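Me: Could you walk me through this model, starting with how the strands are put together?

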Amino acid sequence: SLPVIAIVGRPNVGKSTLFNRIAGSRIAIVSDTPGTTRDRVSVDAEWLDRRFMLIDTAGIEDVPSAELQLWDEVRTQTERAIYTADAVIMLVDSAAGVTASDYDAADLLRRSGKPYVLAANKTDNTTRLAELYTFASLGMGEAIPISAYHDIGVAEMMDEVFEHV
Ligand code: GDP
Ligand code: MG
């Protein structure tokens, strides 16, 4: 069966934009409204002659207690996606910096023992490159700068992903 690559991270970091960029289509819904992806979206994708399953997930978010049940659901989906994956792309946002839910996602990922790459999305310009060191606090190694929207660094990131599958 095909290797499975999952994209995880908190809402609004650009997971669905990256998913569409890699898949070369617009299957995942891109939206400024956090939490738009409620269900997992997966597609049979190809990158430089390598076939794989690509999974987009809803993001782990900071939500008020009234929505705790929803948060549980989203968290479960992320855990499931990580469990299913052979390699994980953990996405953070270099325009926003590190947040509590980034640490949450990082914890889930570390505990899973699955191979991963850490990618800092929205690194659209060199000013944002200077902010990358802030992600060292996640304890996940160096972040690969990418811009899913402008298609910067995505190929380099995929090279690194394929070292794990
Ligand atoms: P998701 O919630 O993690 O799936 O994030 P989305 O893919 O829905 O994107 C959230 C917002 O970030 C949208 O407005 C996207 O257009 C924007 N976005 C995604 N990638 C980039 C990027 O590389 N640079 C910038 N500046 N914006 C981006
Ligand atoms: Mg999404």
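Reply: Sure, beginning with a pairing: six bridges join strand β4 to strand β5 (residues 116-121), and the two run parallel. Strands pair if DSSP finds at least two bridges between them; strands (E, at least two residues) and helices (H or I, at least four) are DSSP runs, numbered from the N terminus. One heads-up: this is a predicted model, where local features need pLDDT of at least 70, side-chain atom pairs count only at pLDDT 80 or more, and totals for chains, interfaces and linings use all residues. Residues are numbered from 1 along each chain as its sequence is written, while chains are lettered from A and ligands numbered from 1 in the order written.

Me: In β5, what is the bridge partner of Asp93?
Reply: β4 covers residues 87-93, and β5 covers residues 116-121. Across this pairing, Asp93 has as its bridge partner Asn121.

Me: What is the order of the strands in the open sheet?
Reply: The sheet has six strands with mixed pairing. β2 (41-47) and β6 (144-145) are the edge strands, each pairing on one side only. β1 (residues 4-8) pairs with β4 in the parallel sense over four bridges. The full order is β2-β3-β1-β4-β5-β6.

Me: Why is β4 largely enclosed by the rest of the structure?
Reply: Buried here means 20 or more other C-beta atoms, placed from the backbone, within 10 Å of a residue's own. β4 is largely enclosed because its buried residues number six of the seven.

How values were computed:
A residue is buried if 20 or more other C-beta atoms lie within 10 Å of its own, exposed if 12 or fewer, and partly exposed in between; C-beta atoms are placed from the backbone.
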